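I opened a fresh page of the notebook for this one. These are my entries, in the order in which I looked things up.

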Amino acid sequence: MSDNKKSELEKRVTQHLGRIYKDVLNQNDINQMSENFLSHVVESQKYLPKHITEEGESWSEKTIVLITYADTLQDQKNLPINSIHKFLNEYCDDIFEIVHILPFFPSSSDKGFSVKDYYSIYHQFGQWNDILKISKDFGVMADIVINHGSSKGQWFKNFLKGEGKGSDYFLNFDEPFDISKVVRPRTTDLLNPVKTHDGTKYVWCTFSEDQVDYNFSNPAVLYEFIQIIIFYLTKGITVFRFDAVAFIWKKIGTSCINLDKTHEIVRLFRTLLTYLCPKAILVTETNTPARENVSYFGNANEAHWIYNFSLPPIIIYSILAEDSSYMEKLTMSMPPSQLGTSYLNFIASHDGIGLRPAETFLTKDEVSKFIDLMEKNGGKISYRSNNTDTPEPYEINITLFDAMRESFKKDVTHQFQRFMCIHTIMLSLEGVPALYVHSLFGTQNDYDLYERTDHNRSLNRGSIQLSEISLSDQSNTQTLIFCELKKLIHIRKKQPAFHPNAVQFTLHLGSSLYGIWRQSLDKKQSIFCITNLTSKKTKFSLLDLNLIGFDRWWDMISEVEIDDTTKDMELKPYQTIWLTNS
């Protein structure tokens, strides 16, 4: 690191720490803390694998993310993490650039999100060397479960006995108090009594009694997570998903979500990652209304990527209602991401279809209608506390394929077409696309797993046996979905106008059609993405697109050339066209 870079890093780190701890520490202590952080960061650089420090663009139109649990893909001959590597190499080496492996650490609950030891891999999943091997072929995205830790972990055990590492990491109080202003996505008790060496303490649990929140007002907690991130970099991990980061800073008497110091901590991590590994990517997981969510871009100095949480409920509702006005409202409300930042687009994940992000776009009656249909299609509803006697629906738990089973108009004949349609739209949008592994095959609800666990989210968290993946039968729905998605992704990867930061403009073509215009960063390529959101054939006039007449235009999906830019075009039910001039 050059002297100039080191000096700038020191100034930035000191500024971040001053803003975070000005009410806790004096300036001398802040300066000393900054010096300690800086020396650790500089020293750590020499331990990073060479392949993650190479120069290169962090993302492009070729960047597609696969989301999977460590043990979703199973093979009798391999431990689960090696099974992921095998699956990627055999089926997806030309599809995905990055794989997000959900928490693979020793854990006591919540499918890995109650971490007992951040420095270990659960022995039944694999070893750190397995992660390092994957990182040489694909980018690896891992979770920083930063808000809370397991009540069964050693750190919490040390808290209970009052000595050892972690004994001062957890947020606790001597007695309960008014928590009515706190916003959180659960209905369980927030303050839970535990017996410690120093008598009964009430520990803060945003999510569950087994997930105890850390106390970031203690600088030691912040320093610990800096060490964790550096450790993961040494194992080849370059994309960091900051789980539930919106809740990490608490101020009694407030909502305790999205507070200013939370944003400052994110900025600090961004600064450190930039200097440690310039192509590393920080992703904030903030399942909140759209306006709060986009605030994590900051001034292009916080998250590199933010999850587009509004997309899943709105794109699903739009296609089931056969009405483009909801998607139009969504994409028109999304501020363009600055270079150096991007939306992370997804329509299915390990969690459910979040309803809080839909609050901006759907009325309460529409949400109620949505819930009724999803339950009819086989889903379950999870609730959150709103400090009243009537909890609010928080998310819909259902596989994406089953969500497409029946529309609001009682149509049950186009499930496959609806499923493919929303993926085609997602692949068109500004941002980096992420696909949940179950979406590759149109998995249906796993009721057996739900019965065993009694957890709604289990419906969409079943396992996939590699030996049962068969892509030779072209009449099989699983095969059709995988091959069609692969075809669309191959097309996308070759289009500069599909760069995550390429211009996006929402078109207005009537309620039956959803359209956007994308333009490459060098302005040489345009793509008009037009989708029929209905179960009926629909016509539109190419004149409404104002195509430049002397360009050669053709649909990349159907490979049909447009010979007359003034004619009407007819789209089949749920058909999308990608019209390009290049």
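**Entry 1: the largest cavity.** Before reading any volume, I reminded myself what a cavity is: on a 1 Å grid over the protein atoms alone, a set of points where a 1.4 Å probe fits but cannot get out. I also noted that this is a predicted model. How many cavities of 30 Å³ or more does the structure hold? I found eight of them. The largest cavity came out at about 270 Å³. I listed 25 residues in its lining, and the closest to its centre are Arg-186, Phe-207, Glu-285, Tyr-394 and Arg-457. Sorted by class, that lining has 12 charged, eight nonpolar and five polar residues. I then looked for strands in the wall of the largest cavity: β10 (237-243) and β16 each give at least two residues to the lining.

**Entry 2: the largest pocket.** Next I turned to the open spaces. The largest pocket has a volume of about 670 Å³. Which of its 27 lining residues are the closest to the centre? I wrote down Asp-110, His-455, Asn-456, Arg-457 and Arg-461. Arg-457 was already on my page, as one of the residues closest to the centre of the largest cavity. As for elements, β15 (380-384), β16 (392-397) and α15 (447-453) each supply at least two residues of the pocket lining. I had met β16 before too, in the lining of the largest cavity. The class count for the pocket reads 15 polar, seven charged and five nonpolar residues.

**Entry 3: α4 and α5.** On to helix pairs. Two packed helices are described by the angle between their axes and the distance between the axes, and I looked up both. Helix α4 (residues 80-91) packs on helix α5 (residues 128-135) at an angle of about 15°, and the axes are 9 Å apart. That angle makes α4 roughly parallel to α5. The crossing of this pair is left-handed. From α4, the residues that meet the partner are Ile-81, Asn-82 and His-85; from α5, they are Asp-130, Ile-131, Lys-133 and Ile-134. I sorted the residues of this contact into three nonpolar, two polar and two charged.

**Entry 4: α2 and α7.** Parallel or antiparallel, I asked of this pair? The axes of α2 (residues 27-44) and α7 (residues 219-234) cross at roughly 10° and come within 11 Å. The two helices are therefore roughly parallel to each other. On the α2 side I noted Met-33, Phe-37, His-40, Val-41 and Ser-44, which meet Pro-219, Leu-222, Tyr-223, Ile-226, Gln-227 and Ile-230 of α7. This contact has eight nonpolar and three polar residues, and no charged ones.

**Entry 5: α10 and α11.** For helix α10 (residues 311-321) and helix α11 (residues 325-333), the axes come within 8 Å and cross at roughly 150°. Angles over 145 degrees count as roughly antiparallel, and therefore α10 and α11 are roughly antiparallel to each other. Leu-311, Ile-314, Ile-315, Tyr-317 and Ser-318 in α10 meet Tyr-326, Met-327 and Leu-330 in α11. I counted seven nonpolar residues and one polar residue in the contact, with no charged ones.

**Entry 6: backbone check.** Last, I went through the phi angles. Most residues other than glycine have a negative phi. Where does Ala-300 lie? I found Ala-300 in the loop between α9 (290-294) and β12 (305-307), with a positive phi near 60°. I also noted Tyr-574, whose phi is positive and near 65°. Tyr-574 sits in the loop between β25 (568-571) and β26 (576-580).

Methods. Residues are numbered from 1 along each chain as its sequence is written. This is a predicted model: local features need pLDDT of at least 70, side-chain atom pairs count only at pLDDT 80 or more; totals for chains, interfaces and linings use all residues. Side-chain values use heavy atoms; hydrogens and water are left out. On a 1 Å grid over the protein atoms alone, a cavity is a set of points where a 1.4 Å probe fits but cannot get out, and a pocket is an open set with protein on both sides within 12 Å along at least five of seven lines; lining residues have an atom within 4 Å of a point. Grid points are joined across faces, edges and corners, and a volume is the space filled by probe spheres set on the points. Helices (H or I, at least four residues) and strands (E, at least two) are DSSP runs, numbered from the N terminus. Ala, Val, Leu, Ile, Met, Phe, Trp, Tyr, Cys and Pro count as nonpolar, Asp, Glu, Lys and Arg as charged, and the others, Gly among them, as polar. Axes are lines fitted to C-alpha atoms, for helices over the stretch in contact, and angles run from 0 to 180 degrees between N-to-C directions. Angles under 35 degrees count as roughly parallel, over 145 as roughly antiparallel, 65 to 115 as roughly perpendicular and the rest as oblique. A crossing is left-handed if the near helix is turned anticlockwise from the far one by less than a right angle, and right-handed if clockwise. Contact means heavy atoms within 4.5 Å.
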